[in-house]
Amino acid sequence: MIEPMPQSSALASLEFAAIAPARAVDEIAAQVREMIATGRLKPGDRLPSERDLSARLHVSRNTLREALRALEHAGIIEMRKGATGGAFVRSGSSGVIVNGLRDLYHLGAITPEQLTEARVWMSEIVVRIACERATEEDFAALDANIEAAAKAADFDERARHNREFHVILARATRNPIMVITMESIMAVFAHFIAKIGPSDNSFILPSRRRFMKHLRARDAAAAAAEMKKALARLQTKYMDQWSARSAAAAGR
């Protein structure tokens with residue numbers, strides 16, 4: 001017979017409150033979030049077993065499972081299978097934010113104009129911070145990305161490297177919020193580019209190489225100006241392609 005995983009004294013003493021059935025799922029999630037916020041649950045902690053937790057909350061196991069699924073989808077917990085499985089508090093992931101922004105774009109809450117505009121603004125901030133904080137390792141990673149893009153076999157591969165360039169640059173800020181935000185913008189851009197189709201952007205690689213000279217020199221004004229010029233040119237091309245595609249679709 002498989003022995004249940006032992007609970008630490010701290011986890012065993014967690015005081016879950018019985019809840020009203022009508023709002024059971026929301027209230028269960030709220031209690032777990034509150035325990036994480038106050039430090040009573042920490043990343044890596046395992047929640048009590050379904051049997052134990054459903055008894056403490058005075059809810060059915062089906063209701064509890066629905067609440068746990070909601071927390072899993074929100075990126076708060078991770079469900080693991082097997083004898084040592086259960087519901088574990090996650091250490092944090094950018095996936096929820098990336099998916100959320102992507103969903104907003106697909107739902108029409110974010111327009112292509114707003115997406116391209118935000119990338120220009122965000123990139124200028126990232127560039128200025130990276131000029132102060134980037135290390136030789138960051139420079140090497142950016143240079144390697146540029147060379148990989150130059151050797152790309154097709155547009156899709158080249159576009160993927162070009163988007164990754166912005167994420168690598170964001171990492172040079174040493175700020176996870178900047179990285180997550182840029183990852184989210186680039187993830188949505190991947191869908192946007194897939195919609196409008198490939199285009200010849202031969203000016204990007206020369207611009208990247210000029211940009212790197214300014215970045216290595218820690219010349220924030222020149223680096224930001226070079227980045228803004230390239231992205232503004234791309235923005236114009238993208239919006240022209242989007243308008244042409246929308247007009248063609250409307251004429252069908």
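This report looks at a small hairpin and at the aromatic rings in a predicted model.

Let's start with the hairpin. Strand E1 covers residues 77-80 and strand E2 covers residues 86-89, and the two pair in the antiparallel sense over 4 bridges. Between E1 and E2 there are 5 residues, and Gly 82 in that turn has a positive phi of about 100 degrees. Across the pairing, Glu 78 faces Phe 88 of E2. Phe 88 also has a charged partner: the charged end of Arg 80 sits over its ring, 4.0 Å from the centre.

Now for the rings. Searching the whole structure turns up 5 aromatic pairs. Here are two of them:

| Pair | Centre to centre | Angle between planes | Type |
|---|---|---|---|
| Phe 165 and Phe 211 | 5.9 Å | 70 degrees | edge-to-face |
| Phe 189 and Phe 192 | 5.9 Å | 85 degrees | edge-to-face |

What does the pair of Phe 165 and Phe 211 tie together? Phe 165 belongs to helix H8 (residues 155-171) and Phe 211 to helix H10 (residues 204-216), so their contact links parts that are 46 residues apart in sequence. Phe 165 counts as buried because its relative accessibility is 0%, and Phe 211 is buried too, at 2%.

The other pair stays inside one helix: Phe 189 and Phe 192 both lie in H9 (residues 176-196), 3 residues apart, or about one turn of the helix. Both are buried. They also join Tyr 238 and Trp 242 in one aromatic cluster. On top of that, Arg 119 lies over the face of Phe 189, 4.1 Å from the ring centre.

Methods. Residues numbered from 1 in each chain as written. Predicted model: local features only at pLDDT ≥ 70, side-chain atom pairs only at ≥ 80, totals over all residues. Heavy atoms only, no water. Pairing = 2+ DSSP bridges. Phe/Tyr/Trp six-rings, centres within 6.5 Å; stacked < 30°, edge-to-face > 60°. Buried < 20%, exposed > 50% of the residue type's maximum accessible area, 1.4 Å probe, protein only. Lys NZ or Arg CZ within 6 Å of the ring centre and 35° of its normal.
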